Amino acid sequence: MNYWWVNQKQTFRHEVGDGYMWAPKLMKNGARSEYYENMTKVRTGDVVFSYFKRSVSAIGVITSEGYSQQKPNFGAAGDAWNTDGWMVNVDYTKLDKTVSPRDHIERLKPLLPQKYSPIRENGLGNQVYLCAISAEMGAALFSIIGTEAAPIVEEANEIQGSDISDTEAEDHFYRKLIEKRTDIDSTEKSVLIQSRRGQGRFRN
């Protein structure tokens, strides 16, 4: 199991609400970014800590590897990003009691990555997206979070290393979006899900 940290300042509501992470493949100037490249390194059963409003506000179990996907509708928040990107499916759990890294920084500071750290030594977030963190830092965060973390660890262990194709991952993501809709009945949902299955790039 690998551990990740995602800073979701502008996209938390979209990504946690609909169960995914998304990042462009390249920066606007065409350069690569370590934080975007990490989207291709995640594996099913990995755990990601979601940082929002200066706190770890959710934990996610990664349920797919990164696959190509156009930018979701983030509204004005996504105007600065390229449209061609990577998507990763995530099963998030919002925490009842969020965790401020500043309150635990003396414990976390020795565990921060020396390079590509998601937060600074004062506990505030860096302007980055997806960062790899060590197993030791992941364990420390689980310990701080407490009992809410137990079912998340269990879920991650259950699906560790599961093999899912890009097409299956994309179909699963869109099926979840359709099932959440409240403007159509169950029959129409079923039709939409069947029409999407195996269609890859089909969107409408």
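I take buried to mean under 20% relative accessible area. The model I am reading is predicted.

**Entry: helix 6**

I started with helix 6 and asked which of its residues are buried. They are Ala-169, Glu-170, Asp-171, Phe-173, Tyr-174 and Ile-178. Next I looked up the span of helix 6, a run of 15 residues numbered 166–180. From the first C-alpha to the last, helix 6 reaches 22 Å, and 21 Å is expected at 1.5 Å a residue, so I noted the two values as close.

**Entry: second largest pocket**

Helix 6 led me to the second largest pocket, where it supplies the largest share of the lining, three residues. I put the volume of this pocket down as about 240 Å³. Its lining includes Phe-173 and Tyr-174, both of which I had already listed as buried in helix 6. Also among the lining residues are His-14, Asp-18, Tyr-20, Pro-72, Asn-73, Met-87 and Leu-177. Besides helix 6, I found that helix 1 (12–18) and strand 5 (67–70) each give two or more residues to the lining. By class I have six nonpolar, four polar and two charged residues for this pocket.

**Entry: Thr-83**

I then looked at Thr-83, in the loop between strand 5 and strand 6. Leaving aside neighbours within four places in sequence, Thr-83 is in contact with Trp-22, Gln-69, Gln-70 and Lys-71. Gln-69, Gln-70 and Lys-71 also line the second largest pocket. Is Thr-83 buried or exposed, or partly exposed? Its relative accessible area is 44%, so I entered Thr-83 as partly exposed. I also checked Thr-83 against Ile-105: they are 22 residues apart in sequence and 36 Å apart in space, C-alpha to C-alpha.

**Entry: largest pocket**

For the largest pocket I noted a volume of about 650 Å³. It is lined by 24 residues, and the closest to its centre are Asn-7, Lys-9, Asn-126, Gln-127 and Val-128. Strand 2 (20–24), helix 2 (34–37) and strand 3 (47–52) are the elements that give two or more residues to this lining. Which element gives the most? I found strand 2 in that place, with three residues. The lining divides into 12 nonpolar, eight polar and four charged residues.

**Entry: nonpolar cores**

I turned to the largest nonpolar core, which has 24 residues. Trp-5, Phe-49 and Ile-59 touch the most other members of this core. At least two residues each come from strand 1 (3–7), strand 3, strand 4 (55–62), strand 6 (84–99), helix 3 (105–108), helix 4 (135–145) and helix 5 (150–159). Helix 4 supplies the largest share, six residues. Apart from this core I noted another, of 22 residues, with Met-39, Ala-58, Trp-86 and Leu-130 among them.

**Entry: helix 4 and Arg-107**

Within helix 4, I listed Met-137, Gly-138, Ala-140, Leu-141, Phe-142, Ile-144 and Ile-145 as the buried residues. Just after helix 4, Gly-146 has a positive phi of about 85 degrees.

I followed helix 4 to Arg-107, which is placed in helix 3. What does Arg-107 contact, leaving aside its neighbours within four places in sequence? I found Ala-140, Ser-143 and Ile-144. Arg-107 and Ala-140 are 33 residues apart in sequence, with their C-alpha atoms 7.9 Å apart in space. Arg-107 has a relative accessible area of 44%, so I marked it as partly exposed.

**Entry: Asn-38**

Asn-38 is in the loop between helix 2 and strand 3. Why does Asn-38 count as buried? It does so because its relative accessibility is 4%, and the cut-off is under 20%. Beyond neighbours within four places in sequence, I found Asn-38 in contact with Trp-4, Leu-130, Cys-131 and Ala-132. Leu-130 is also a member of the core of 22 residues.

**Entry: positive phi**

Most residues other than glycine have a negative phi. I noted two non-glycine residues with a positive value. Arg-54 has phi near 65 degrees and is found in the loop between strand 3 and strand 4. Tyr-116 has phi near 60 degrees and lies in the loop between helix 3 and strand 7 (130–133). With 32% relative accessibility, Tyr-116 counts as partly exposed.

Notes: Residues are numbered from 1 along each chain as its sequence is written. This is a predicted model: local features need pLDDT of at least 70, side-chain atom pairs count only at pLDDT 80 or more; totals for chains, interfaces and linings use all residues. Side-chain values use heavy atoms; hydrogens and water are left out. On a 1 Å grid over the protein atoms alone, a cavity is a set of points where a 1.4 Å probe fits but cannot get out, and a pocket is an open set with protein on both sides within 12 Å along at least five of seven lines; lining residues have an atom within 4 Å of a point. Grid points are joined across faces, edges and corners, and a volume is the space filled by probe spheres set on the points. Helices (H or I, at least four residues) and strands (E, at least two) are DSSP runs, numbered from the N terminus. Ala, Val, Leu, Ile, Met, Phe, Trp, Tyr, Cys and Pro count as nonpolar, Asp, Glu, Lys and Arg as charged, and the others, Gly among them, as polar. Buried means under 20% relative accessible area, exposed over 50%, partly exposed in between (1.4 Å probe, protein chains only). A nonpolar core is a set of buried Ala, Val, Leu, Ile, Met, Phe, Trp, Tyr and Cys residues joined through side-chain atoms within 4.5 Å. Contact means heavy atoms within 4.5 Å.
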